[in-house]
Amino acid sequence: MKKALLCVIFLSLSLSTAFYASAIAPGEVVEWTTPLIGLEVRNDGLFKTSDSQSWVSAGAISLRSFMYTTQNISGIQLTVPIRNGAFMMGFTATKNTDISFSSIDYALHFTSTGALFIWKSGSIVAGAGGYNAGDVVQIRVNREHRVEVLVNAVLRYTSSGILTASRLFIDSSFHNPGSEIRSVKWVSRASWCDDIVCEDVHPCRLSNGCSLGICSYTDLMNGERCVDDSGTCENSVCIEDTTTTTTTTTT
């Protein structure tokens, strides 16, 4: 009986873990753990319905986590429809039920005056400029495992510290009634290839370009032309073409 119970518990935990880290497609709308507290889902985002003006009256955490080291997901993108809201959104390594911003490991603070600030575990660490209604904001992890914030595709902030947790949830806390975010979607790791040039460094290895921050190559088979077309590949060695000169004698 005890063995059967342990098997059930193990299976339950395995399924739960698999679901948390299940495949997420870039561009997919972020789903939230229910029941929501002081919020409702609107326009593929969140809207604060609670009349309470405090940091412990409304919040949500994503239903699923992402693993930026193994999945093609680096974070989220959202649209801010108004500038008089006040809320925080970011990453946390633990799926908690605390709706306060202090439980968010890395949070982007949208103020009611249009300013942006970065918070880490409940303490402010940096400013990130401002925002306007309609701006598209990304909170993501770069290939160096640092947190980045972009507004309308312009980099505003990069964390000095490197993330230690590889699995992250999206966590949030809302202060002002009527605060809203829209189109909260997962974003890919395509940015990990920014500024990476994958050159053909071997005459018999063809570059496939950069994918998810890594250059990949294909070894050319025997008989295939070398990368620079100077000869033929044989056992990974480029055998250069020989030029035959024909001499004609006139009598």
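Strands are DSSP runs of E with at least two residues, helices are runs of H or I with at least four, and both are numbered from the N terminus. The model shown in every view is predicted.

**Figure 1. Overview of the fold.** The protein has one helix and 18 strands. The chain counts 251 residues, and 39% of them are buried. Take the contacts between residues at least 6 apart in sequence: 60% of these join residues at least 24 apart. The views below move from enclosed space to the nonpolar cores, then to the open pocket and to single loop residues.

**Figure 2. The largest cavity, lined in part by β7 and β11.** The structure holds one cavity of 30 Å³ or more. The volume of the largest cavity is about 40 Å³. Its lining consists of Tyr106, Ala107, Leu108, Ile118, Ile139, Val147, Val149 and Tyr157. Which strand gives the largest share of this lining? β7 does, with three residues. β7 and β11 are each the source of at least two lining residues. By class, the lining has eight nonpolar residues, no polar ones and no charged ones.

**Figure 3. The largest nonpolar core, with 38 residues.** Phe66, Ile76, Leu78 and Phe110 have the most contacts inside this core. Many strands feed the core: β5, β6 (87-92), β7 (106-110), β8 (115-120), β10 (136-141), β11 (147-151), β13 and β14 (180-187) each give two or more residues. A second core, separate from this one, has six residues. Among them are Met88, Phe101, Ile104 and Trp119.

**Figure 4. Close-up of Leu78 and the residues around it.** Leu78 is one of the residues with the most contacts inside the largest nonpolar core. What does Leu78 touch, once residues up to four places away in sequence are set aside? Its contacts include Met89 and Phe110. Leu78 also meets the run Asp135, Val136 and Val137. Another group in touch with Leu78 is Ile181, Arg182, Ser183 and Val184. Phe110, a contact of Leu78, is itself named among the residues with the most contacts in the core.

**Figure 5. The largest pocket, with a volume of about 230 Å³.** In all, 15 residues line this pocket. Thr33, Pro35, Ile61, Asn96 and Thr97 lie nearest its centre. β3 (59-61) and β13 (167-174) each contribute at least two lining residues. β3 supplies the largest share, three residues. How does the lining divide by class? Six residues are nonpolar, six are polar and three are charged.

**Figure 6. The cis peptide bond at Pro35.** Thr34 and Pro35 are joined by a cis peptide bond, with omega about 0 degrees. Pro35 sits in the loop between α1 (2-20) and β1 (39-42). Pro35 is also one of the residues nearest the centre of the largest pocket.

**Figure 7. Ser179, in the loop between β13 and β14.** Is Ser179 buried or exposed? Ser179 counts as buried because its relative accessible area of 0% is under the 20% cut-off. A polar atom of the Ser179 side chain lies 2.7 Å from the backbone oxygen of Asn176. Leaving out residues up to four places away in sequence, Ser179 touches Leu46, Phe47 and Lys48. Contacts with Gly85, Ala86 and Phe87 are also present, as is one with Phe174.

**Figure 8. Gln71, in the loop between β4 (66-67) and β5 (75-79).** Gln71 is buried, at a relative accessible area of 11%. Its C-alpha atom is separated by 8.6 Å from that of Ser188. Along the chain, Gln71 and Ser188 are 117 residues apart.

**Figure 9. Two loop residues with positive phi, Asn43 and Ala153.** Neither residue is a glycine. Asn43 has phi near 50 degrees. Asn43 belongs to the loop between β1 and β2 (45-48). With a relative accessible area of 47%, Asn43 is partly exposed. Ala153 has phi near 70 degrees. Ala153 belongs to the loop between β11 and β12 (154-158). How accessible is Ala153? Its relative accessibility is 70%, over the 50% cut-off, so Ala153 counts as exposed.

Methods: Residues are numbered from 1 along each chain as its sequence is written. This is a predicted model: local features need pLDDT of at least 70, side-chain atom pairs count only at pLDDT 80 or more; totals for chains, interfaces and linings use all residues. Side-chain values use heavy atoms; hydrogens and water are left out. Buried means under 20% relative accessible area, exposed over 50%, partly exposed in between (1.4 Å probe, protein chains only). On a 1 Å grid over the protein atoms alone, a cavity is a set of points where a 1.4 Å probe fits but cannot get out, and a pocket is an open set with protein on both sides within 12 Å along at least five of seven lines; lining residues have an atom within 4 Å of a point. Grid points are joined across faces, edges and corners, and a volume is the space filled by probe spheres set on the points. Ala, Val, Leu, Ile, Met, Phe, Trp, Tyr, Cys and Pro count as nonpolar, Asp, Glu, Lys and Arg as charged, and the others, Gly among them, as polar. A nonpolar core is a set of buried Ala, Val, Leu, Ile, Met, Phe, Trp, Tyr and Cys residues joined through side-chain atoms within 4.5 Å. Contact means heavy atoms within 4.5 Å. A polar contact is a pair of N or O atoms within 3.5 Å; within protein, one must be able to donate a hydrogen and the other to accept it, and residues adjacent in sequence count only if both atoms are side-chain atoms.
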